Amino acid sequence: MIFLILLVCLVCLLLYPALEDIYLLYIEKVPPGPISLPIIGGLYKLNSSKPHLKLQQLTKRYGEIMSIRFGPSSSRTVIIHNTKFVQELYNNQKALDRPDLPFFELITPHGAGIGSRPYDKIWMLHTRIVKLALHKVCQNSLSEKVMETFEVLFNRLNEKGNGPQDIAIDLKLASLDITSSICYGFHDDDWTSDQMNLLLKDHDKAMSGLSPFNPINIFPFIKNLPVRLVKEIKDITQRRDELNQRIYDRHVENYTGEVHDVMDIIVDVMENGYNTSHITDSQKKQMDLKSLFMTLTCLSMAGIDNMQSIMQWSVLVLGKHSSVAEKIFMELQQTVAMDTSVTTESRQHLPYTEACVYEILRVSSITGLGVPHITREDIQVGGYKITKGTQIFTNIWHIHNNSHNWTDHEAVKPERFLDSNGQLKLKSDEIFKNYLPFGLGKRTCTGEVIILNVLFLFVSNLVRTQTIKIDNHISELIGNCDMSHKPPAYKVTLNPRVCQF
Ligand code: HEM
């Protein structure tokens with residue numbers, strides 16, 4: 001008898017997600033999608049390495065707003081495939097929070113930074129502080145810092161010889177260097193190679209935790225188990241906290257009142273207080289040094305990963321489409337003074353190069369399924385109910401690679417962003433209607449201003465100094481997608497241009 005009762009309980013437990021799905025889909029009218037299987041939820045419908053493509057296929061059956069359970073989690077995740085719904089949702093204050101991933105409890109024990117905290121007054125203040133710092137960095141020293149890194153990078157790649165190379169790690173070191181310089185004000189020569197390697201290993205481990213497919217996020221109970229994965233994350237967190245404190249102390253000693261990097265503005269805020277009357281005293285208390293460190297960590301994590309990824313995509317796109325690279329070269333030849341590096345001041349004079357930056361961001365769609373939001377209250381979108389606490393992703397890759405939104409969507413055509421006079425189209429132009437590499441609405445990418453400048457410098461100076469040849473046969477620009485959309489693996493031959501202008 002006991003055995004029978006246990007068996008019935010087990011069957012009910014296994015079938016619970018499917019039964020709940022039937023209630024949610026047919027009674028509550030949440031967005032349509034597959035019914036979950038025991039243990040794996042809706043994962044059986046997603047190819048784990050290319051979920052962006054699988055979800056695109058599922059739109060044919062379920063439409064452009066659908067829901068699916070990633071694992072045996074408590075709720076269905078909504079995935080949006082249409083700009084109109086993204087706009088509607090991400091301008092609604094009830095859909096601007098971030099999910100509290102189980103992994104965050106391990107990696108941000110002192111409270112969340114801007115990337116993962118709710119859309120509240122502290123988020124607004126942190127975001128304002130960071131954006132101010134990034135604008136100052138762009139105005140003051142970005143071109144110089146970035147060009148130093150790229151010079152070292154191109155020299156290193158050329159010294160490696162002229163055979164085909166996998167340059168992913170070199171690009172990662174370059175993005176670590178640029179991001180560390182923007183956030184903390186130091187370059188990689190401040191580190192031993194062992195420290196660099198450990199930092200990168202820690203970074204990769206921490207990033208993997210942000211994926212909805214990380215075991216800790218699918219099976220949250222793991223975070224309470226004495227297993228190696230959990231111990232490693234705790235060690236990383238401790239090392240990171242100690243590093244932040246050391247760098248902060250150094251900045252306090254040397255602070256002159258000028259902001260050269262994001263840590264400088266944190267010192268300024270801690271020394272001079274928060275210059276605003278919009279937050280209450282109890283909110284001010286939450287703005288302590290540790291929460292600002294979390295924001296800085298978040299900025300640095302997003303910076304390293306996204307910068308590396310977009311540089312990897314740029315090399316692939318330009319190497320595969322040599323006519324585009326040659327057009328950039330011609331524009332540079334006609335516009336920029338001979339034998340000088342291209343700086344950010346040249347952006348407005350190089351519309352074709354600028355258009356290439358836009359096109360690379362479109363075809364790569366490096367955030368893939370975007371950064372997840374979560375609803376604070378029940379809301380209605382597209383005639384469906386999205387219940388409180390629902391996680392929402394945007395299939396940015398689909399919006400950017402969809403024949404309804406883009407003519408010749410598979411072609412690399414920077415010209416699409418230029419008007420009949422060869423100038424960059426205005427942001428109000430129809431072409432930008434379905435263009436959302438940095439998201440949309442009230443909670444878009446904090447690093448947009450930085451990355452547009454860095455990418456422009458990378459693309460222009462890469463093409464100015466190198467010829468690029470991809471050695472693999474890569475038929476389409478589609479990669480694997482977990483937390484971000486990574487380019488397919490490739491080897492590239494870079495040769496210094498014989499006559500650089
Ligand atoms: C090509 C490069 C990049 C792309 C395509 C990109 C795209 C995005 C997207 C789509 C979001 C989510 C927006 C939303 O929730 O709807 C985001 C958030 C964010 N990005 Fe970027 N990003 C890039 C580079 C960077 C860099 C270099 C940094 C830092 C220096 C950065 C910092 C952030 C932060 C902190 C957030 C979280 C903002 C928040 O939650 O309030 N990103 N980014």
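In this predicted model, S67 stands opposite V78 of strand β2. That pairing belongs to the contact between strand β1 (residues 65–68) and β2, which run antiparallel and are joined by 4 bridges. On the other pairing of β2, the partner is strand β6 (residues 391–394), and here the two strands run in the parallel sense over 3 bridges. V78 takes part in this pairing as well, with I392 as its bridge partner in β6.

The side chains of β2 (residues 77–80) follow a simple pattern: T77 and I79 point one way, while V78 and I80 point the other way. Such alternation between the two faces of the sheet is what a regular strand shows in general. Despite their opposite directions, T77, V78, I79 and I80 are all buried.

Turning to the helices, α7 (residues 168–183) packs against α13 (residues 289–320) at an angle of about 145°, and the axes lie 8 Å apart. The crossing of α7 past α13 is right-handed. Residues on the α7 side of this contact include A168, L171, I178 and I182, and those on the α13 side include L296, G303, M307 and M311. By class, the contact divides into 12 nonpolar residues, 6 polar and 1 charged.

Two members of the α13 side, G303 and M307, come up again when helix α17 is considered. I451 is found in α17, and its C-alpha lies 8.4 Å from that of G303, although the two residues are 148 places apart in sequence. Leaving aside residues up to four places away in sequence, I451 touches N306, M307 and I310. I451 counts as buried because 21 other C-beta atoms lie within 10 Å, where the cut-off is 20 or more.

A contrasting environment is found at C445, where UniProt, in an unreviewed entry, places the feature "binding site". C445 sits in the loop between α16 (396–400) and α17 (448–465). With 17 other C-beta atoms within 10 Å, C445 is partly exposed. Its contacts, not counting residues up to four places away in sequence, are with F438 and G439.

Finally, there is the start of the chain to consider. The unreviewed UniProt entry annotates residues 1–20 as "signal peptide". In the model, residues 1–20 are 95% helix and 0% strand, and the C-alpha atoms at the two ends of this stretch are 27 Å apart.

Terms used: Residues numbered from 1 in each chain as written. Predicted model: local features only at pLDDT ≥ 70, side-chain atom pairs only at ≥ 80, totals over all residues. UniProt positions renumbered as here; feature names shortened; annotations may be inferred. Buried ≥ 20, exposed ≤ 12 C-beta atoms within 10 Å, placed from the backbone. Pairing = 2+ DSSP bridges. Axes fitted to C-alpha atoms, helices over the stretch in contact; angles between N-to-C directions. Left-handed = near helix turned anticlockwise from the far one by under 90°. Contact = placed C-beta atoms within 7 Å. Nonpolar A, V, L, I, M, F, W, Y, C, P; charged D, E, K, R; others polar.
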